Amino acid sequence: MTTESAPATPSAPTPPAETPPAAPAKSARALAWARRRHSAVRFWRAYRTHRAGLFGLAALVVIALVAVFAPLLVGSNAQSVTDAPGKPMESPSGEFPLGTDQFGRDLLGLLVYGARMSLTVGLLAAFLSVTIGTLVGITAGHFKGWYATVIMRVTDWFLVMPTLVLAIALAAVMSGSIWTIILAIGVTTWPTTARLVRAQTLAVESRPYIERAQALGGGHGHIMTRHVLPNVMPLVLAQTTLVISNAILTEATLAFLGLGDPTGVSWGGLLQDAREAGAVSAGDWWYLAPPGLAIAVVALAFTLCGRAVESVLNPRLGVSR
C-alpha cells in the first residue's frame, strides 16, 4: 500500500533588499554659494601672504572701530564749542594729549570724530565713482558703434579735465554739505574706472562662450549681467580700494579750501581751522601734524590694500609682498 506524500507548500518570496535613499541633489543656489565661499577662502589665503596688505587692512580696521565707537572713546560733546574743556591753543599735556584748538576743544576728540566724516565721504564717493565708471565701461564695451563713440568722447573730456578743479566748481555752486562733497567727488573721478572696465569688457566679449550665449538667445541684459559683470568685478574691486584713498585726499583738499561741510568735523577741516587760527606762523605743530598724519595713514592703508588685491587677482602684476 502506497502512501501519497503531501504537496510541498511554496515558500514565501523574499522581499528585495532595501536600497538607501539617494542624497538630494544640491540646488543651483547652494552650489553658487559653495563656489563663492571657496573663492573667498582662496582669496584670503593668497591675500594674507602680502605683509603690506595685512598692515593696511589692520590699520583700516582699527581706524574704522575708532570712528564707530567715537562717542564711547572721547565722549559725545567733543565737538561742542560752548562746552570746551580747555583753554584756546593749549599745547599737549596729560589732560589733552594732542592739545586744544582755538576754541579750547580737545584735538584728540576732534581727530577721532574727523575719522567718521573722512571715511564716510571716501567710501560713499568711491562707491558712486566706481558705479558710474562700471556702468559706462560695460555699456560702452558691449554696445559698439555710435553709442560707444559718443560715451567715450565724453569720458575722454572728463579724463583730461583736472578732477580737483571740477570738484571745486561743483562744491562751490552747490550747498555746502557732506552730500555735496560726495557728489562732487563721485561724478568727477569715474573716467579712469570706465576706461579700465571697457577694456576688460572688450576682452571678455571676444571669448567663444559669449557667442554661444548669444546664439542661445541671451539678450543684452543677460550678457552684461551674467557673463561680463562677474568677469570685470575683480578689476572693479581692486580699483575701488584705490579710488577710496583718492576720494579721502580730495575731501581733505576741499575741506582745507573751505568747501567742506561746516556742520561736521573732518581732517581737512581741522587743517583749515589751524590755518585760520594762525597755527602755521605760531608754530603750533600739534594742531597741524595729527590731521595730516591721519590723512596720510588712511590713504596709505587703502593703497596698500589695493595693491595687495591687484596682486592676488592678477599675479602677473608681480606686486612685491
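Let's start with a handshake between charges: the side chains of Lys144 and Glu205 meet in a salt bridge, with 3.7 Å from N to O. Keep in mind that what you're looking at is a predicted model. This pair links distant parts of the chain, 61 residues apart. Lys144 sits in the loop between H4 and helix H5 (146-160), while Glu205 belongs to helix H8. Are the two partners buried or exposed? Lys144 is exposed, with a relative accessible area of 53%, whereas Glu205 is buried, at 13%.

**More salt bridges**

Searching the whole structure turns up four salt bridges. Here are three of them, including the one you just met.

| Salt bridge | N to O distance |
|---|---|
| Lys144 and Glu205 | 3.7 Å |
| Arg153 and Asp156 | 2.9 Å |
| Arg195 and Asp156 | 2.4 Å |

Take Arg153 and Asp156: both are in helix H5, three residues apart, which is about one turn of the helix. Why does that spacing suit a pair of side chains? An α-helix has 3.6 residues a turn, so residues three or four places apart point the same way. Arg153 itself is partly exposed, with a relative accessible area of 45%.

Asp156 also has a salt bridge with Arg195. Arg195 lies in helix H8 and Asp156 in helix H5, so this pair ties together parts that are 39 residues apart in sequence. Arg195 is partly exposed, with a relative accessible area of 30%. Through shared partners, Arg153, Asp156 and Arg195 become one network of salt bridges.

**Into the nonpolar cores**

Now for the greasy bits. The largest nonpolar core has 44 residues, and the members touching the most others are Leu119, Trp267, Val298 and Phe302. Helices H2 (51-68), H4 (107-142), H8 (191-205), H9 (208-215), H10 (220-256), H11 (267-276) and H13 (285-313) each give two or more residues to this core. Which helix gives the most? That's H13, with 11 residues.

Try finding Trp267 in the structure. Leaving aside neighbours within four places in sequence, its contacts are Ile63, Leu111, Gly114, Ala115, Ser118, Pro291, Ala294, Ile295 and Val298. There's also a second, separate core of 12 residues, and Ala167, Ala171, Ile182 and Ala247 are among them.

**A helix with two sides**

Two of those names, Ala167 and Ala171, come up again in helix H6 (residues 163-173), where they are buried along with Leu166. Looking down the axis of H6, you'd see its buried residues fall within an arc of 130°, so they line one face of the helix. On the other side of H6, Ala172 and Val173 are exposed. What do the buried residues of H6 pack against? Their partners are H5, helix H7 (178-186) and H10.

**A little empty space**

How many cavities of 30 Å³ or more are there? The count comes to one. The largest cavity holds about 40 Å³ of space. Its lining is made up of Met117, Val121, Ile178, Ile181, Glu251, Leu254, Ala255, Gly260 and Asp261. H4, H7 and H10 are the elements that give two or more residues to this lining, and H10 supplies the largest share, three residues.

Technical notes:
Residues numbered from 1 in each chain as written. Predicted model: local features only at pLDDT ≥ 70, side-chain atom pairs only at ≥ 80, totals over all residues. Heavy atoms only, no water. Core = buried A, V, L, I, M, F, W, Y, C linked by side-chain atoms within 4.5 Å. Buried < 20%, exposed > 50% of the residue type's maximum accessible area, 1.4 Å probe, protein only. Helix = DSSP H or I, 4+ residues; strand = E, 2+ residues; numbered from the N terminus. Contact = heavy atoms within 4.5 Å. Arc of directions from axis to C-beta. 1 Å grid on protein atoms, 1.4 Å probe; cavity = no way out; pocket = protein on both sides within 12 Å on 5 of 7 lines; lining within 4 Å. Points joined across faces, edges and corners; volume = space filled by probe spheres on them.
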